[in-house]
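User: Could you take a close look at one part of this model for me? I'd like to hear about the sheet and what packs around it, in one connected account.

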Amino acid sequence: MRLIVTGGSGFIGSNFIRYILNTFDRIDVTNLDALKYGSNSENLKDLETNSRYSFIQGDIADYALISEIIADADVITNFAAETHVDRSISAPEAFLQNNVIGTFTILEAMRKINPGAKLVHISTDEVYGDIADGSFGEDDALKPSSPYSASKAAADVFVLGYARTYGLNASITRCTNNYGPYQFPEKLIPKTIIRALLGLTVPIYGTGQNVRDWIHVEDHCQAVEAVINYGRPAEVYNVASSAEMTNLQVVTTILDYLGKDEDSIEFVEDRPGHDIRYSLDSTKIRQDLGWRPRHNFEQGIEATIKWYTSNVEWWKNLADDKILSPTPWELDW
Ligand SMILES: NC(=O)c1ccc[n+]([C@@H]2O[C@H](COP(=O)([O-])OP(=O)(O)OC[C@H]3O[C@@H](n4cnc5c(N)ncnc54)[C@H](O)[C@@H]3O)[C@@H](O)[C@H]2O)c1
């Protein structure tokens with residue numbers, strides 16, 4: 001089987017490629033990545049000599065390139081995106097270009113060059129917006145709150161529109177917040193670990209009461225695998241492990257593990273449009289596709305902290321003052 005992974009040099013994509021190559025013998029993987037800021041060629045260094053892995057540097061919005069790459073693909077998983085909400089507030093245009101035009105270009109290439117391929121488009125719980133009580137199901141309305149989530153929602157409806165109009169075999173996953181190894185240092189969990197390891201204060205936006213549902217990246221990878229194998233065309237699958245926590249709880253757990261007290265926390269101005277709570281109902285993927293998460297948060301976060309503690313070489317050149325900024329949306333990107 002020939003699998004194309006877009007955005008495979010980023011956090012989730014690189015974990016997905018490693019998972020696929022280490023689990024299956026008969027899958028050849030091509031990683032197409034533009035090597036933008038969230039990416040890191042070190043993420044896949046261990047696979048460079050694997051004969052079933054190849055890398056192409058390029059943009060999913062490049063029609064000629066994507067047409068060539070997907071021409072004989074069996075499956076395309078589209079992880080490629082601009083992903084940092086804070087950056088989308090100060091520099092939104094790149095999100096429209098990469099997340100919407102990029103996905104649109106893949107869909108155009110598929111319908112013209114390889115309409116028989118399977119597409120799994122990787123989306124996010126953020127497209128539904130926030131919810132005070134209860135959990136979103138796949139048929140709930142999309143109410144994005146930031147330029148990032150608006151661009152992801154726009155891409156999702158293009159995928160569904162193309163599946164319906166052109167009969168493309170395209171499915172969507174909408175997953176909650178991921179954590180695990182190789183996550184870029186600007187995101188909450190790595191930033192907290194790294195700032196604490198460097199002896200810096202740890203910023204919390206507002207009061208820290210915003211709730212996120214955390215899933216280990218390998219559980220997300222297995223959900224994508226389940227959708228490749230059994231997902232139905234034009235269907236959306238929510239992916240969640242039901243580990244809801246406030247940001248303050250997440251930060252406190254990390255500080256406790258690292259032996260730091262809560263004086264390290266610095267409450268900073270809240271991010272504009274900051275969603276209060278995300279929550280997904282993932283009954284559909286569990287019942288229809290037999291997926292379930294295998295990691296619990298306590299073990300998963302401990303392993304993740306250990307990974308960042310023992311891989312200082314991986315993050316030390318990435319984690320500059322700007323990347324670790326307490327209020328990144330105020331900076332020019
Ligand atoms: N991180 C999370 O918690 C989370 C949760 C749910 C969904 N997602 C989705 O999962 C996907 C991957 O997220 P991530 O956290 O690994 O992000 P990331 O920022 O670590 O990686 C994104 C990768 O996409 C590449 N990329 C960006 N634009 C591109 C383009 N035009 N062409 C080719 N490559 C391009 C980047 O170079 C980078 O390697 C995204 O679509 C994101 O919306 C992420």
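**The sheet and its surroundings**

Analyst: Ala234 sits in the loop that links H7 to S10, and that's a handy way in. Keep in mind that this is a predicted model. The phi angle of Ala234 is near 65 degrees, a positive value in a residue that isn't glycine. How buried or exposed is Ala234? Its count is 17 C-beta neighbours inside 10 Å, so Ala234 comes out as partly exposed.

Follow the chain out of that loop and you're in strand S10 (236-239), one of the edge strands of the sheet; strand S3 (53-57) is the other, and each of them pairs on one side only. The sheet is an open one with seven strands, running S3-S2-S1-S4-S5-S6-S10, and the pairing is parallel. On average, neighbouring strands are turned by 20 degrees against each other, direction ignored. For a look at one pair, take strand S4 (residues 75-78) and strand S5 (residues 118-124), which pair in the parallel sense over four bridges. There, Asn78 stands opposite His121 in S5.

Now for a helix that packs on these strands. Helix H2 (residues 63-70) has Ile66, Ile69 and Ile70 buried. Down the axis of H2, the buried residues stay within an arc of 85 degrees, so they line one face of the helix. As a reminder, an α-helix has 3.6 residues a turn, so residues three or four places apart point the same way. The buried residues of H2 pack against strand S1 (2-6), strand S2 (28-33), S3, S4 and helix H4 (93-113).

Ile70 also turns up in the largest nonpolar core, which has 79 residues; Ile70 is among those with the most contacts inside it, along with Ile4, Phe16, Met110, Ala223 and Val224. Helix H7 (residues 217-230) gives this core its largest share, seven residues. Domain 1 (2-178 + 215-239) and domain 2 (184-212 + 243-275 + 297-330) both contribute residues, so the core lies between them. As for Ala223, leaving out residues up to four places away in sequence, its contacts are Thr173, Cys175, Val239, Ile285 and Trp291.

One more loop is worth setting beside the one we started from. Tyr182 is in the loop between strand S7 (177-179) and helix H6 (188-197). Tyr182 also has a positive phi without being glycine, near 70 degrees. Tyr182 has 23 other C-beta atoms within 10 Å, so it counts as buried, whereas Ala234 is partly exposed.

Key:
Residues are numbered from 1 along each chain as its sequence is written. This is a predicted model: local features need pLDDT of at least 70, side-chain atom pairs count only at pLDDT 80 or more; totals for chains, interfaces and linings use all residues. Two strands pair if DSSP finds at least two bridges between them. Helices (H or I, at least four residues) and strands (E, at least two) are DSSP runs, numbered from the N terminus. Axes are lines fitted to C-alpha atoms, for helices over the stretch in contact, and angles run from 0 to 180 degrees between N-to-C directions. A nonpolar core is a set of buried Ala, Val, Leu, Ile, Met, Phe, Trp, Tyr and Cys residues joined through C-beta atoms within 7 Å. A residue is buried if 20 or more other C-beta atoms lie within 10 Å of its own, exposed if 12 or fewer, and partly exposed in between; C-beta atoms are placed from the backbone. Domain bounds come from an automatic or database domain assignment. Two residues are in contact if their C-beta atoms, placed from the backbone, lie within 7 Å. The arc is that of the directions from the helix axis to the C-beta atoms.
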